[in-house]
Every structure is written in structure tokens, then in C-alpha cells.
Amino acid sequence: MPNVRNREVVKSLAEKFKAMKGLILTEYHGLTVEEISELRSKLRSLGSEYTVVKNTLSEIALKEAGIEAGANFSGSTALVIENGDIVSSAKAVFDFAKTHTKLKVRAGFLDGKFVDAAVVEQLSALPLREVLLAKILSSMNAPITSFVNVLVANIRGLVTVLSAISKKQAV
């Protein structure tokens with residue numbers, strides 16, 4: 001890593017690695033520039049970044065960030081640096097990989113350790129954070145809603161009886 005440009009790349013990557021919530025390693029060999037740009041724009045809207053960096057520079061930056069890279073860096077590797085919701089980024093990558101078969105997920109980095117592609121795929125199968133929050137809120141509201149319905153049932157029954165009596169007397 002003798003030149004200044006490589007040092008700046010490593011320094012920038014190390015800062016990103018320290019601040020990231022997760023990392024997905026992909027193999028991008030065979031994708032066109034347009035396809036990579038499409039994936040980048042999808043991930044950018046989710047708060048993540050898709051970048052292609054030399055493996056040696058990535059390994060050095062990971063080491064500077066205090067992360068052991070292991071044997072995950074070989075061949076053409078691109079990184080999805082996740083700064084937003086980890087699940088939505090994983091979903092976007094796997095949805096893109098369904099239509100672009102040349103994109104392969106190699107591994108991921110979650111909770112301080114590297115995991116294989118199967119774990120990242122399981123993560124992408126989870127519902128989004130907003131959906132989970134909506135389910136929690138609806139389950140919290142269910143007892144209250146049921147209680148209100150029970151209280152209103154007596155009043156509703158009284159109104160029905162009074163309505164029937166008034167119709168009977170009107171005839």
C-alpha cells in the first residue's frame with residue numbers, strides 16, 4: 001500500500017467499517033456498469049452503499065477497524081456497507097440477484113462476526129422493520145379494541161330494542 005490514494009481509500013473504508021451496522025460481500029463478476037449502477041441506486045435509497053474495492057485494501061481497512069476478515073475475500077468482491085436497516089438492504093440485494101444471476105452473495109458481517117450467505121438469505125426473508133412494528137402495535141391494540149366492543153355491545157343492543165319498539169308502535 002505504498003501510494004497516497006490507497007492510504008486514503010483504506011482510511012475512508014476503515015471509518016465506514018467502524019460506523020456500519022452490517023456488511024454483505026458479493027461477487028459481481030459479469031454484471032454491466034448499468035446493472036451495478038441500478039443496484040447502487042436501490043441501496044443508496046435504503047441508506048446503504050455498494051462499492052467495489054480491492055480485496056487487499058478491504059482486508060487492511062477491516063483490520064484497522066478491528067475486524068478479522070478471515071478467508072472471505074477472494075476473487076472479484078464488492079461490498080454492501082449497511083448504514084440503514086440491515087434487513088431491507090439484504091432484501092434488495094437478494095431481489096436484485098433473482099433477476100441478475102451473475103450477482104452472488106458470498107458472506108455477511110453481522111453482530112461482530114462473519115456469517116455465510118445462507119444466514120444473509122434468512123435475514124432477507126424477515127419482514128421489514130415497519131411491518132414488525134405494525135404487527136406489534138396491532139397486537140397491543142387488540143385487547144383494548146375488544147374491550148371497547150364489549151362495552152358498546154350493550155348500548156348497541158339497547159338501541160336495537162328501542163328501534164324495534166318504535167317501529168312496532170308506528171304500525
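## Strand β2 and Ser48

Ser48 belongs to strand β2, which covers residues 48-52. In this predicted model, Ser48 has a relative accessible area of 5% and is buried, because the cut-off for burial is under 20%. Neighbours up to four places away in sequence set aside, Ser48 touches Leu43, Val80, Ile81, Glu82, Asn83, Gly84 and Ser89.

## Overall make-up

The chain contains six helices and five strands. Read from the N terminus, the order of these elements is α-β-α-β-α-β-α-β-β-α-α.

The radius of gyration of the chain is 27 Å, whereas a compact globule of 171 residues would have a value near 16 Å. Along the principal axes, the C-alpha atoms occupy a box of roughly 100 × 35 × 25 Å. Buried residues make up 33% of the 171 residues in the chain. Among contacts in the chain with a separation of 6 or more, 79% come from residues 24 or more positions apart.

The accessible surface of the chain is about 10800 Å², and carbon and sulfur atoms account for 60% of that surface. The chain carries 22 positive and 17 negative charges, and the mean positions of the two sets lie 8 Å apart.

## Strand β1 and its partners

Strand β1 spans residues 22-27, and five of its six residues are buried, so the rest of the structure largely encloses this strand. Two pairings of β1 can be described. With strand β3 (residues 78-82), β1 pairs in the antiparallel sense over five bridges. Within that pairing, Thr26 stands opposite Ala78 of β3.

The pairing of β1 with β4 is also antiparallel and runs over five bridges. Here Leu23 has Phe109 of β4 as its bridge partner.

## Strand β3 and Leu79

Leu79 is a residue of strand β3. Its relative accessible area is 0%, so Leu79 counts as buried. Apart from residues up to four places away in sequence, Leu79 touches Phe17, Leu23, Ile24, Leu25, Glu49, Tyr50, Thr51, Ser58 and Phe73. One of these contacts, Leu23, is also the residue bridged to Phe109 in β4.

Leu79 and Gly66 are 13 residues apart along the chain, and 17 Å separates their C-alpha atoms.

## The β4-β5 hairpin and Asp111

Strands β4 and β5 pair in the antiparallel sense over four bridges. Phe109 is bridged to Phe114 in β5, and Phe109 is also the β4 partner of Leu23.

The hairpin of β4 and β5 has two residues between the strands, and Asp111 has a positive phi near 50° there. Asp111 is thus a residue other than glycine with a positive phi value. Asp111 sits in the loop between β4 (104-110) and β5 (113-116). With a relative accessibility of 80%, Asp111 is exposed, because the cut-off for that class is over 50%.

## Ala69 in the loop before β3

Ala69 lies in the loop between α3 (55-64) and β3. This loop position is nevertheless buried, since the relative accessibility of Ala69 is 8%. Outside its neighbours within four places in sequence, Ala69 is in contact with Glu59, Leu62 and Phe114. Phe114 is the residue of β5 that bridges to Phe109.

The C-alpha atoms of Ala69 and Phe96 are separated by 25 Å, and the two residues are 27 positions apart along the chain.

## Helix α4 and Ser88

Ser88 is part of helix α4, which comprises residues 86-99. The relative accessibility of Ser88 is 12%, so this residue counts as buried. When neighbours within four places in sequence are left aside, Ser88 is in contact with Leu46 and Leu128.

Ser88 and Ser139 are 51 residues apart in sequence, and their C-alpha atoms are 23 Å apart in space.

Key: Residues are numbered from 1 along each chain as its sequence is written. This is a predicted model: local features need pLDDT of at least 70, side-chain atom pairs count only at pLDDT 80 or more; totals for chains, interfaces and linings use all residues. Side-chain values use heavy atoms; hydrogens and water are left out. The radius of gyration is taken over C-alpha atoms; the globule rule is 2.2 Å times the number of residues to the power 0.38. Buried means under 20% relative accessible area, exposed over 50%, partly exposed in between (1.4 Å probe, protein chains only). Contact means heavy atoms within 4.5 Å. Accessible areas come from the Shrake-Rupley method with a 1.4 Å probe; for residues, only the protein chains shown count as cover. Lys and Arg count as positive and Asp and Glu as negative; His and the chain ends are not counted. The place of a charge is taken as NZ of Lys, CZ of Arg, CG of Asp or CD of Glu. Two strands pair if DSSP finds at least two bridges between them.
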